[in-house]
Amino acid sequence: MKNFKYLLFILPVILIAPLLFIGCKEEEPLLSTYNLELEYDNNSHILSGREEVEYFNVSDNYLENINFHLYPNAFRQGAKNKIVSVSNVDKAYPNGESFGDIKIDSVEEKIDKDVNSLEFSVAGEDENILSVKLKNGIYPDECVKIVITFKVTLANINHRLGYGEKVVNFGNFYPIACVYEQGKGFMEELYHSNGDPFYSDVANYNVKISYPNSMVLACSGNVANESESGGMKTAQISQNKVRDFAFCLSENFNMIEKDVDGVKVKYYGYEGDQNLTECLEVSEKALRFFEETIGEYSYPTLSVVKTGFVHGGMEYPTLVMISDDCQSQEDFNYVIVHEIAHQWWYGMVGNDEYNNAWMDESLAEYSTLMFFERHSEYNFEIDKLIKNATTNFKFFVEVYTDVLGEVDTSMNRPLKDFQTEPEYVHCIYTKGSIMFHTLRQSVGDKRFEKALKTYFSTYCFKNASPAELIQTFIRSTGYNLEGFFNSWLDGSVIVM
């Protein structure tokens, strides 16, 4: 997510509460498929949806139920956790507090041409889980087709999901299957204002979206065709091997694009913006750099979208949101690069973002610093960035210790265990970038970049665990780094 990040290196700390391309390995696991039919009413701000999920049981267990996240319910009135921190309320709700939710109308199972109703319940700790009881259950490697009809009511909020002054954002808007971990079952963590509380498997997507013809669509995936009838546009979209799907709609978009070695890179700014070309240029450079440094980008499109968003930016497969609240071109450039880095760390190589946020956020943040180290034309010097990060982190520790008597600087904890947003930001972004820079200095550039490439090629289209990341760096560098990582992650290391 977000930039938080660029603030840490550019602004003062505010404490308020020649290399080869390595592509993905060609292993073909069983992938579920999401077929979505969506229609958006811009007057009522309601999205009506029909979702047909071809769900494969990739666990080792017989499953009688399948559970889905209902992320839009985190926006409803009375939700257990706040969507944003107290310090961001006014920025998120410029027109006053607003609410939204998701309603499940029906759940059915398709067997050939037959359709049968299924028992379901809206469950979880906070109405955050759709639990579907199967007629017969499914064994490992078996498949079931589930049809879910639903309606999402949007809140008036500058966030991943909601309508703002100029753009409507649809992130994490549909029922998506919870990851099933062996020995743990379905992972059902609650939405949280800290970080990105998401965790999903790679799947194939076929999406049909109908929306007012006055609006322009920016979306994950490749638009196969578009049509127009009765005041509505309809787009057919497909993309395989992505772990999520998101889109944005606006009457204010002005889009420019460029073919970059077969990838259509698109930048969606607003009508009248003077920085469209520069934003597209930095997007192109980021794509080229991360392909050279990490591995080949796996998709035919990359859309960078300016929108209303309470934080700096947000990443989705083949689409990133950039906040229109960025105050300078320097800020735009930084956020764009960071969010594009997430196409590798989170998008192609996945992880549990709720319990191990450092894996994608710290790595995306340090990959961003590496980009600017290579691209001096943007006037970011990595030594200064790391020095500023170190100063900021030490100041954070000092202030929190003075106020609270102690401070938890561990990185390996779930989002709910970070007591404040500044604590999360400094432990995951600031400290995380210092950790990877220290590691790179210790093992050298060649070994470090080899580790990045190996980690990417090994876990592309998969979800990696902390142990797997650490073991990859150990094997790639030839150094026993377990103690190094553990001391940083558990908070015992002292940043000097």
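**Exercise 1. Which residue does L63 stand opposite in β7? Work out how the two strands are joined.**

Before starting, keep in mind that this is a predicted model.

Step 1. Get the strands straight: β3 covers residues 63-69 and β7 covers residues 129-138.

Step 2. Look across from L63, and you land on I138 in β7.

Step 3. Try another pair: N67 sits opposite S131 in β7.

Step 4. Put it together: β3 and β7 run antiparallel, with 6 bridges joining them.

**Exercise 2. Find the order of the strands in the open sheet that holds β3 and β7, and say which strands stand at the edges.**

Step 1. The sheet has 4 strands, in the order β6-β7-β3-β11, and the pairing is antiparallel.

Step 2. Now the edges: β6 (119-123) and β11 (176-177) each have a single partner strand, so one side of each is left without a neighbour in the sheet.

Step 3. Check the β6 side. β6 pairs with β7 over 5 bridges, in the antiparallel sense, and V122 faces L130 of β7.

Step 4. Then look at the link. β6 and β7 make a hairpin with 5 residues between them, and in the turn G124 has a positive phi of about 85°.

Step 5. Finally, ask how covered β7 is: 7 of its 10 residues are buried, so call it mostly covered, taking buried as under 20% relative accessible area.

A reminder for reading any such sheet: in a regular strand the side chains alternate between the two faces.

**Exercise 3. Describe the hairpin of β4 and β5.**

Step 1. β4 spans residues 101-111 and β5 spans residues 114-117; they pair in the antiparallel sense over 4 bridges.

Step 2. Pick out one bridge: the partner of E108 is S117 in β5.

Step 3. Inspect what lies between the strands. There are 2 residues there, and D112 takes a positive phi near 55°.

**Exercise 4. Is N73 buried or exposed?**

Step 1. Locate N73: it belongs to the loop between β3 and α2 (89-92).

Step 2. Compare with the cut-off. Buried means under 20% relative accessible area, and N73 has 4% relative accessibility, so N73 counts as buried.

Step 3. For a distance check, take H159, which is 86 residues from N73 along the chain; their C-alpha atoms are separated by 14 Å.

**Exercise 5. Compare the span of helix α6 with the expected value, then list its buried residues.**

Step 1. α6 takes in residues 382-404, 23 residues in total.

Step 2. From first C-alpha to last, α6 reaches 32 Å, close to the 33 Å expected at 1.5 Å a residue.

Step 3. The buried residues of α6 are I382, L385, I386, A389, T390, N392, F393, F396 and Y400.

Step 4. To think about the spacing in that list, recall that an α-helix has 3.6 residues a turn, so residues three or four places apart point the same way.

Step 5. See what follows the helix: G405, with a positive phi near 90°.

**Exercise 6. Why can the chain be called as compact as a globular protein of its length?**

Step 1. Take stock: the chain holds 10 helices and 25 strands.

Step 2. The radius of gyration is 22 Å, and the globule rule gives 23 Å for 496 residues; the two are close, so the chain is as compact as a globular protein of that length.

Step 3. Add the box: along the principal axes, the C-alpha atoms fill roughly 65 × 55 × 50 Å.

Step 4. Turn to burial and surface. Buried residues make up 60% of the 496, while the accessible surface is about 19700 Å², with 45% of that belonging to carbon and sulfur atoms.

Step 5. Close with the charges: there are 42 positive and 73 negative side chains, and the centres of the two sets lie 3 Å apart.

Notes: Residues are numbered from 1 along each chain as its sequence is written. This is a predicted model: local features need pLDDT of at least 70, side-chain atom pairs count only at pLDDT 80 or more; totals for chains, interfaces and linings use all residues. Side-chain values use heavy atoms; hydrogens and water are left out. Two strands pair if DSSP finds at least two bridges between them. The expected span of a helix is 1.5 Å times one less than its number of residues. Buried means under 20% relative accessible area, exposed over 50%, partly exposed in between (1.4 Å probe, protein chains only). The radius of gyration is taken over C-alpha atoms; the globule rule is 2.2 Å times the number of residues to the power 0.38. Accessible areas come from the Shrake-Rupley method with a 1.4 Å probe; for residues, only the protein chains shown count as cover. Lys and Arg count as positive and Asp and Glu as negative; His and the chain ends are not counted. The place of a charge is taken as NZ of Lys, CZ of Arg, CG of Asp or CD of Glu.
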